[in-house]
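Opened a new model today and went through the overall numbers, then one strand. My notes follow.

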Amino acid sequence: MSEPDISLSQAHAAEASHSSADLPEGWLRVGSLDMEAQGIARRPDGKVVFIEGALPFEVVSVQVSRKKSSFEHGTVTEIHHESSQRVRPGCPHFGLHTGSCGGCKMQHLEVSAQVAIKQRVLEDNLWHLGKVKAETMLRPIEGPAWGYRYRARLSVRYVIKKGDVLIGFHERKSRYIADMKVCPVLPPHVSKMLLPLRKLIGQMDARETVPQLELACGDEVTALVLRHLEPLSDGDKALLREFAAAQNVQWWLQPKGPDTVRLLDEGGPQLSYGLPDFAINMPFRPTDFTQVNPFINRVLVARALRLLQVQKNERVIDWFCGLGNFTLPLATQAAQVLGIEGAETLVVRSRDNYDRNQASRSEGQALAPTRFVARNLFDMTPDMLVADGSAEKWLVDPPREGAFALSKALAELNENQDLRQGWTPPQRIVYVSCNPATLARDAGILVHRAGYRCVSAGVINMFAHTAHVESMAVFELA
């Protein structure tokens, strides 16, 4: 199977059956929402129209900005019948106006309705792309809709004509930076810091050579990574130290690539987050991958392990293990754990995290023997899978590209059992996904070729108000 060659918009357009034939000329009835949060309507002749700012079941007028033979794109100009699920956006920078922020796409839609739409997207992708239907739909994992974004990459630009600095996300459909004064999806103390940060960088000698600011919040520490294209002067460093003391932040400097990130001043508290259900603490660097939403992450890890049903006598493999977000909690439940990750630097860090947590465990609460290895998981083969040994349970948490090679290798071992050499497949797999299209593709392989049933699936609203869909599916050997 190859990568799915179908857009989410096309998938939803196929479902948009609400006709506008009975409406006044030019009015459109919106039938559904695509994953760019555009309303989908059909003209009386059947032509699909994607409408920014429109919600399902609304009747609207549209200004068309792009016409093709099979579809049109436009923006809502008037709402004749408003959805009961339309709400007032919680951020002054959200909307369709000139200069509006492009960071969120769904603030005009009630949060529970956002989740329902994402659940529909997951179900549609599983069926249309993978020909898979989950036996049970899991209750969505939800959390705070505001102040949840503990990770963010903010663009920075000194506007010479205005003598001002902009810090934030890009404007809607633009390469320009939105003029953001607040950001309600960031933690409140960070949102309040946006204007002071603009003032700080405006005072720096390096204000024209600072393109980016990365935010990483731990449970106790707020870290800011300053990307700078030229060496910082002593005066600039003094300004950063003054700001750190006033705002209680920790500065990291990045002169080149991610591997050059260093603390401005050594010492101080360590950036980390906790998984209290498992008495695990996870130190991390500000450029390491960690989940954006710590509130959701705690629930996600707990549910994933509960669904995996790990027993004390079982071996578990955590594929795409990263820093050990799932691996270390698994080590509190299993007999043996193997964490496999593509980047050697992350493997080193995950080993350190394991050692730190093992050393802090009380007697009788030791973590199970756990090994971490680095391997290219996008180049998996049946032989490599056999070499890693059998495990009763798998936890799979890939990036957006999915776990195609891993799923394919598992399928090939099912289809040609002579390759197994005594190896046995996992009885249960929990697959955590940040891309419903690649999850659906891989689910199709697992169900139709590898001998599994999709026993359950559900969405995780990790990114409230955005079109991003996180999800989880559970597979059991048939």
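**Notebook: charges, fold, strand 9**

I started with charge: the protein carries 54 positive and 54 negative side chains, with the centres of the two sets 3 Å apart. I counted Lys and Arg as positive and Asp and Glu as negative, leaving out His and the chain ends; each charge sits at NZ of Lys, CZ of Arg, CG of Asp or CD of Glu.

Note to self: this is a predicted model, where local features need pLDDT of at least 70 and side-chain atom pairs 80 or more, while totals for chains, interfaces and linings use all residues. Residues are numbered from 1 along each chain as its sequence is written, and side-chain values use heavy atoms, without hydrogens and water.

Next, size. The radius of gyration (over C-alpha atoms) is 24 Å, which agrees with the value near 23 Å for a compact globule of 478 residues, by the rule of 2.2 Å times the number of residues to the power 0.38. I get a C-alpha trace of about 70 × 65 × 35 Å along the principal axes.

I then looked at burial (under 20% relative accessible area, 1.4 Å probe, protein chains only): 55% of the 478 residues are buried.

Last, strand 9, residues 212-217 (strands are DSSP E runs of at least two). I found 5 of its 6 residues buried, so strand 9 is largely enclosed by the rest of the structure. Strand 9 pairs (at least two DSSP bridges) antiparallel with strand 7, residues 151-159, over 5 bridges; there L154 stands opposite L213. With strand 10, residues 222-227, strand 9 makes 6 antiparallel bridges, including C217 to T222. Strands 9 and 10 form a hairpin with 4 residues between them.

Key:
Buried < 20%, exposed > 50% of the residue type's maximum accessible area, 1.4 Å probe, protein only.
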